Amino acid sequence: MRFAVFGQDRLGLVQGEEIVDVTASVPGPASPAGVLHRLIEAGDVPMPTDAVATHALSSVRLAAPLPRPPKIIAAPVNYRDHQAEMAAAHTIADLGVFLKAPSSVIGHGATVRLPYGDVRTDQEGELAVVIGRTARHVPVDRALEFVFGYCCALDITVRSTEDRSTRKSFDTFTPLGPWVVTADEVPDPRELTLRCWVDGELRQSARVDELIFGVAELIAYASSVMTLWPGDVLLTGTPAGVGPINDASSVAVQVDPIGRLEVLVSSESAVPYAARPRPEARS
Ligand code: MN
């Protein structure tokens, strides 16, 4: 199943060029975490049946499938070729994972807002994993049982002096979408491929089986550090080809056969790095 969120927190099943509104099948009251999170929390994902209406996919405005995930856990340096391009001494095996602010999520068709006009900001195309149920100390060989599904992601990153979690947590810095494909349709995530374009130019191309920590290893490791909750999102890391994005750039990340996520970039609200809020220097 391909679950998309559209309009005002409507849940849709994407079927070809159509989207079937199954919001009425989802139990519980509305919450800021959104309708797909409610479905995941309900546990055994019920096959939604009460279709309200069917729309042409092209006629609806897609939103982030999980606008407020409990956590966004991300993998640093998880492809060898990206380690080489960053001249990084260490990989995820030494670095562990890091966190991004849940408030950084946007959906398909939304706009990434560059915070600084004079500091490079990069695109990182990534495969995202959505956790389906609470996971703690999960062994590698059972880790995929805890996956609800997969989507495309961008881990937008400022190359400033700020801490990693700051540089990656500005509002709009975690595009997710265009929808979530349930795990039953992805028996082996290593068979997925990832590509990322900026202004139509292919910058990144990789097979997910090139990951240093694969999806199962990443879940096992992360769950040894922190309890994973339903709706948590894991960003699996980016391959070589990271580069700057600028005002009016278009960025697309495509994970086959999951889908294609596209966003725009704006520097409209950017400020000089030196003008960011900070205490007055003391004399
Ligand atoms: Mn990344």
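Donors to a metal are N, O and S atoms within 2.8 Å of it, and water is not among the atoms, so sites may look incomplete. With that in mind, welcome to this predicted model. The chain is assigned two domains, 2–63 and 72–270, and there is a manganese ion coordinated by Glu124, Glu126 and Asp155. Here is a short tour by topic.

**The manganese site**

- Glu124 and Glu126 each coordinate the manganese ion through OE, while Asp155 does so through OD.
- The coordination distances run from 2.0 to 2.2 Å.
- Along the chain, the spacing of these donors reads E-x1-E-x28-D.
- Glu126 belongs to strand 11 (residues 125–131), and Asp155 sits in the loop between strand 12 (147–154) and strand 13 (157–158), so this pair ties together parts that are 29 residues apart in sequence.

**Two domains and how they meet**

- Domain 1 covers 2–63 and domain 2 covers 72–270.
- Their C-alpha centres are 23 Å apart.
- On the domain 1 side, 13 residues take part in the contact, and on the domain 2 side, 16 residues do.
- Together the two domains bury about 1,100 Å², with 65% of that area on carbon and sulfur atoms.
- Which residues of domain 1 lose the most area to domain 2? They are Arg2, Ile40 and Leu62, which together make up 54% of what that side buries.

**A closer look at the interface**

- Zero salt bridges are found across the interface of domain 1 and domain 2.
- Four residue pairs are in polar contact between the two domains.
- On the side of domain 1 that touches domain 2, the elements giving two or more residues are strand 1 (2–6), helix 1 (35–41) and strand 5 (62–63).
- Helix 1 gives the most to that side, with five residues.
- Sorted by class, the side of domain 1 that touches domain 2 has ten nonpolar, one polar and two charged residues.

**Salt bridges**

- Side chains of opposite charge can pair when their charged atoms come close.
- How many salt bridges does the structure hold? The count is 16.
- One example is the salt bridge between the side chains of Arg113 and Glu268, at 3.6 Å from N to O.
- Arg113 is in strand 9 (residues 111–113) and Glu268 is in the segment after strand 20 (259–266), so the pair ties together parts that are 155 residues apart in sequence.

How values were computed: Residues are numbered from 1 along each chain as its sequence is written. This is a predicted model: local features need pLDDT of at least 70, side-chain atom pairs count only at pLDDT 80 or more; totals for chains, interfaces and linings use all residues. Side-chain values use heavy atoms; hydrogens and water are left out. Domain bounds come from an automatic or database domain assignment. Contact means heavy atoms within 4.5 Å. Buried area is the accessible area (1.4 Å probe) that two parts lose on being put together, summed over both. A salt bridge is a side-chain nitrogen of Lys or Arg within 4 Å of a carboxyl oxygen of Asp or Glu. A polar contact is a pair of N or O atoms within 3.5 Å; within protein, one must be able to donate a hydrogen and the other to accept it, and residues adjacent in sequence count only if both atoms are side-chain atoms. Helices (H or I, at least four residues) and strands (E, at least two) are DSSP runs, numbered from the N terminus. Ala, Val, Leu, Ile, Met, Phe, Trp, Tyr, Cys and Pro count as nonpolar, Asp, Glu, Lys and Arg as charged, and the others, Gly among them, as polar. Donors are N, O and S atoms within 2.8 Å of the metal (3.2 Å for Na, K and Ca); water is not among the atoms, so sites may look incomplete.
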